[in-house]
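Subject: Structure for your review

Hello,

Here is the structure I said I would pass on. My notes come after it.

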Amino acid sequence: MSEKEHKVSRRQFLSYTLMGVGGFMAAGMISPMVRFALDPALEAGGEIDLVQVATVDELTDEPQRFDFSVEVEDAWYTSEQSRTAWIYREGDEIIALSPTCTHLGCTVGWDTNEEHPNQFFCPCHLGRFEKDGTNVPDTPPTRPLDVYEMEIQDGAIYLGRPIRR
Ligand code: FES
């Protein structure tokens, strides 16, 4: 091969350089958009196994607080996270509510406000929820408390992730 065949002209060099830089910049602009589009799929929040939290026998018709922890696998990172559930019986039904206020995420307590007994109360902005988790109208929360994904096996109650309803 002659030396001439390997020679890159100034015009070719400039055009390759511009293509490279342009491609790099385009990738930099497009990748956040792709990430944003895929975010709901990626945001699944990691895998959570159902964990035993309580037994059916210990429940009453009054919501009781149960604290537990779950292992959350997010991509290649596994962490242990603390959770709380308010669980009670309503006839044959068992209800497990998330304590996270649907206004801005503070923690609600059951029957903690003397002026509004038998309700979940959020001290941050005076939000209130009925026993079944329904938000009380004219208080800041605009949707009900989340309910936990639940399974009952041999009298044991297993909870997963809170589900928006
Ligand atoms: S965070 Fe609960 S009322 Fe605002």
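The notes below cover a sheet, a nonpolar core and two loop residues.

Please keep in mind that this is a predicted model.

The sheet: 3 strands make up an open, antiparallel sheet, in the order 6-7-8. Its edges are strand 6 (109–110) and strand 8 (127–129), each of which pairs on one side only. Strand 6 is joined to strand 7 (residues 120–122) by 2 bridges. One residue of strand 7, Phe121, is the bridge partner of Gly109.

The core: the largest nonpolar core has 16 residues, and those touching the most other members are Ala85, Ile87, Ala96, Leu97, Val108, Phe120 and Leu159. Two or more residues come from each of strand 4 (77–90), strand 5 (93–97), strand 7 and strand 10 (156–163). As background, nonpolar side chains tend to be buried together in soluble globular proteins. Beyond its neighbours within four places in sequence, Ala85 has contacts that include Ala96, Leu97 and Leu159. Val53, Phe66, Ser98 and Tyr148 are also in contact with Ala85.

The loop residues: most residues other than glycine have a negative phi. Asn118, in the loop between strand 6 and strand 7, has a positive phi of about 55°. Asp154 also has a positive phi, near 50°, and sits in the loop between strand 9 (147–153) and strand 10. Are these two residues buried or exposed? Asn118 has 10 other C-beta atoms within 10 Å, so it counts as exposed. Asp154 is exposed as well, because 6 other C-beta atoms lie within 10 Å; the cut-off for exposed is 12 or fewer.

Regards

Technical notes:
Residues are numbered from 1 along each chain as its sequence is written. This is a predicted model: local features need pLDDT of at least 70, side-chain atom pairs count only at pLDDT 80 or more; totals for chains, interfaces and linings use all residues. Two strands pair if DSSP finds at least two bridges between them. Helices (H or I, at least four residues) and strands (E, at least two) are DSSP runs, numbered from the N terminus. A nonpolar core is a set of buried Ala, Val, Leu, Ile, Met, Phe, Trp, Tyr and Cys residues joined through C-beta atoms within 7 Å. A residue is buried if 20 or more other C-beta atoms lie within 10 Å of its own, exposed if 12 or fewer, and partly exposed in between; C-beta atoms are placed from the backbone. Two residues are in contact if their C-beta atoms, placed from the backbone, lie within 7 Å.
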